[in-house]
Amino acid sequence: MTFTPQVLTLFPDHGAMSPASWPYRNPLGAGNVISTVRTLMRTDGLNVSVTAIARASGTSRNYLYENWKTASRLHLRALQAELARAFDEADRTHPSDGTVDGIVRHLTQVVRIVRRHPTTAAVARTSHTALPRAHAATDGPLVQMITGRVSDLLHPLAPRGGVWSDAALFSRPWKVLWIARPAALCPEAVGDQEWEDTLDGAFAELLRDLLAPWATAD
């Protein structure tokens, strides 16, 4: 997913202290900054600026530019954190048992969490191109992060070596992502139970078809 850096505005007047003289250090650390960006993006999507982040996280724009260079990089880090959280939440509520059915249940829940997440809707509201680009993305940090998490989930299907040992299984994480995106990046379906059930059912059916060669016999 490629983001265009946002137009930045200056802080209101803060007296004699100029922006150039503000310290780079953030006493609460990078984790505080990314947590702040995640919170802001849930409402303002890609309209979250460096100025807003600095103000909300109690640090300076200089510190943010020194460590992340652009608002887009902060958006990306926040989205990576939100996606990791979606997998972790699904692991608590719908943990995979390493079987095809368990993997399908887990990933269907991840899809629901992403679809229903306020950041997904906020990104769609603030950019007409972000979600279409995400649907078509073939590379990039978000794609790599998600396919890595899916690879970990598929690993038990090939007990002697995991996805790396099976060329066909190794191709599946990317294919899983490809069928998951239309079901996950559809915030307009949220609140319409029939629509959401259709999206989840179609994703689960396609996922079972993809993983059928590794399903264990009853």
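In this predicted model, helix α1 is followed by Gly45, a residue with a positive phi, near 50 degrees. The helix before that glycine runs over residues 29-44, and its length checks out: 16 residues at 1.5 Å a residue should span 22 Å, and the C-alpha atoms at the two ends sit 23 Å apart, so the two figures agree.

A good part of α1 is tucked away from solvent. Gly29, Asn32, Val33, Ile34, Thr36, Val37, Arg38, Leu40 and Met41 are buried. As for what covers them, the buried residues of α1 pack against four helices, namely α2 (50-57), α3 (61-68), α4 (71-93) and α6 (118-126).

Then there is the empty space inside. The count comes to one cavity of 30 Å³ or more, and the volume of this largest cavity is about 490 Å³. Its lining is made up of 28 residues, with Leu83, Val114, Ile146, Ala184 and Leu185 the closest to the centre. Two or more lining residues come from each of α4, α5 (100-116), α6, α7 (130-136), α8 (141-154) and α10 (172-184). Helices α4 and α6 thus turn up twice, packing against the buried residues of α1 and contributing to the cavity lining. By class, 23 of the lining residues are nonpolar, three are polar and two are charged.

How far can the coordinates be trusted? The average pLDDT of the protein is 87, and 86% of the residues score at least 70. Residues 1-23 are another matter: their pLDDT is below 50, although the stretch has 43 contacts in the model beyond near neighbours in sequence. Where pLDDT is low, predicted coordinates should not be read in detail.

Key. Residues numbered from 1 in each chain as written. Predicted model: local features only at pLDDT ≥ 70, side-chain atom pairs only at ≥ 80, totals over all residues. Heavy atoms only, no water. Expected span 1.5 Å × (residues − 1). Buried < 20%, exposed > 50% of the residue type's maximum accessible area, 1.4 Å probe, protein only. Contact = heavy atoms within 4.5 Å. 1 Å grid on protein atoms, 1.4 Å probe; cavity = no way out; pocket = protein on both sides within 12 Å on 5 of 7 lines; lining within 4 Å. Points joined across faces, edges and corners; volume = space filled by probe spheres on them. Nonpolar A, V, L, I, M, F, W, Y, C, P; charged D, E, K, R; others polar. pLDDT = per-residue confidence, 0-100.
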